[in-house]
Amino acid sequence: MSQSDRGLRRLAAGTLLVAFQGTTAPDWVLRELEHGLGGVTLFGFNVADPAQVLRLTTALRGAGEPVISLDEEGGDVTRLAYHVGSPYPGNAALGAVDDVELTRNVYRAIGSELAACGINLDMAPSADVNTEADNPVIGTRSFGADPGLVARHTVAAVEGLQSVRVAACVKHFPGHGATRVDSHLAVPVVDVGLDVLRERELAPFRAAIGAGAKSVMTAHVAVPAVTGPTPATLSGAALTGLLRGELGYDGVVITDALDMHAITRSVGLAGGAVLTLAAGSDLLCLGPLPTYDDVQAIIAEIVTAVREGRLPAARLEEAAARVTALRAWAATPPQVTAEPNGIGLHAARRAVRLTGSAAPLVRPLVIEVDTPPTIAVGDVPWGVGPWLPDAEIVRVKPATADAPALLAKAGGRSLVVVVKDAHRHHESQALVTALVSARPDTTVIEMGLPVWRPESAAYIATYGAARANAQAAVELLTA
């Protein structure tokens with residue numbers, strides 16, 4: 001391979017954020033980092049504990065100067081606490097409190113934990129304005145449905161993370177909050193005019209750019225007024241015209257995971273990589289599925305596209321310059337100030353809401369109504385069990401739950417029903433309605449968005465299913 005070929009391959013590899021299985025770095029990742037690979041994205045399956053993550057990131061840094069990223073949003077989407085649940089409430093809870101200083105402090109605490117583990121880029125916060133209650137992928141990941149509220153808390157989150165030299169990645173541009181389709185599975189459409197888009201979806205991104213956000217993540221969402229039927233990730237009109245041009249953004253543009261069906265089932269993984277680079281992306285998050293062979297094929301396709309004139313080499317050089325600047329910024333030692341111990345629980349306590357009054361618990365039966373995890377969240381534990389050690393906890397699937405049997409089991413006992421986004425699951429609503437109709441003294445705890453509620457004696461809204469949210473709910477229940 002000639003020197004120019006090696007240089008071109010290095011530029012192509014420098015645009016990729018790869019993933020791998022396991023808690024140690026495979027040899028191929030270390031080898032590719034030596035040859036210019038852009039970096040890695042870590043997932044829950046890469047995490048055992050903070051000390052292990054630090055060993056992993058130290059090994060990665062020993063092979064190059066990688067961007068080391070993950071999705072640590074607090075709330076439902078966590079990677080560091082994937083096996084136990086996050087100690088921080090997510091955006092919906094912070095939006096419910098609406099104290100920007102609290103949001104800044106929570107994100108500074110998250111950033112401090114990430115920095116201590118060797119992470120230099122957090123794929124957070126979600127700046128999506130969640131105007132669609134039936135949104136299957138955003139929900140409690142959003143600060144709320146009001147663009148002004150979302151904008152001011154997005155800025156606070158960016159400032160909190162970046163105050164400890166962890167780059168924020170504001171997502172999902174140009175907005176995933178008005179969709180009813182999960183882009184992991186298909187291409188969602190936000191069919192609004194430019195005026196609505198500018199006033200609603202773009203307001204938080206505009207604010208985050210003004211606050212100096214180091215990176216922005218694309219959405220695999222089509223906005224016909226801008227992109228036609230094409231997902232924004234692949235659209236030059238969205239990334240170069242709207243984000244770079246109209247909004248004036250010159251930081252790093254990172255794609256949402258390219259292994260999602262919105263990309264793989266339309267233009268394919270390697271084809272999508274070339275198209276999104278041509279559209280204006282700088283770093284391509286490949287997601288957890290692509291293998292070493294896939295990575296090799298993507299690099300080869302990018303190199304081929306440059307040689308054939310489908311992708312200007314100058315575009316790769318521009319991306320490399322932006323990523324180099326990001327690495328240099330992240331390498332500057334931060335001025336870290338310790339956050340108050342328990343800031344996550346403090347925030348969750350401020351967010352939780354009780355309607356009605358809960359009677360003292362008597363041999364409580366807790367029925368947790370199972371909710372299928374989304375792909376973005378994964379199989380993170382949730383529920384109130386850890387804080388009610390003397391209760392009997394029953395996890396049921398709403399479609400097969402036997403309400404009469406559950407009611408018989410609850411005879412002479414306190415009944416607590418825990419749900420998660422019941423407004424999105426009709427079978428959950430039917431089960432809860434049957435239980436509450438027979439037992440009006442039931443306490444219902446909603447650990448998603450409090451959109452639907454039954455006429456129970458007490459209703460507790462946590463605005464999220466993180467460990468901190470559950471503890472705050474139980475404290476209200478047992479006060």
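**Exercise 1. Determine whether Cys-169 is buried or exposed, and whether its sulfur is bonded to another cysteine.**

Solution. Step 1: the relative accessibility of Cys-169 is 0%, so this residue counts as buried. Here buried means under 20% relative accessible area, exposed over 50%, and partly exposed in between, with a 1.4 Å probe and protein chains only. The structure is a predicted model, in which local features need pLDDT of at least 70 and side-chain atom pairs count only at pLDDT 80 or more, while totals for chains, interfaces and linings use all residues. Residues are numbered from 1 along each chain as its sequence is written, and side-chain values use heavy atoms, with hydrogens and water left out.

Step 2: a disulfide is a covalent bond between the sulfur atoms of two cysteines. The criterion applied is a pair of cysteine sulfur atoms within 2.5 Å.

Step 3: the closest cysteine sulfur to that of Cys-169 belongs to Cys-285, at 8.8 Å, which is too far for a bond. Cys-285 is also buried, with a relative accessible area of 4%. The structure holds zero disulfides.

**Exercise 2. Check the length of helix H13 and state where its buried residues lie.**

Solution. Step 1: helices (H or I, at least four residues) and strands (E, at least two) are DSSP runs, numbered from the N terminus. Helix H13 comprises the 18 residues 313–330.

Step 2: the expected span is 1.5 Å times one less than the number of residues. For H13 this gives 26 Å, and the end C-alpha atoms are 26 Å apart, which agrees.

Step 3: the buried residues of H13 include Leu-316, Ala-319, Val-323, Leu-326 and Trp-329. The buried residues of H13 cover an arc of only 150 degrees around the axis, so they lie on the same side of the helix. This arc is that of the directions from the helix axis to the C-beta atoms.

**Exercise 3. Identify which peptide bonds next to His-172 and Pro-174 are cis, and locate these two residues.**

Solution. Step 1: most residues other than glycine have a negative phi, and most peptide bonds are trans.

Step 2: Lys-171 and His-172 are joined by a cis peptide bond with omega about 0 degrees. His-172 lies in strand E5, residues 167–173.

Step 3: a cis bond also joins Phe-173 and Pro-174, with omega about 5 degrees. Pro-174 lies in the loop between E5 and helix H7 (194–210).
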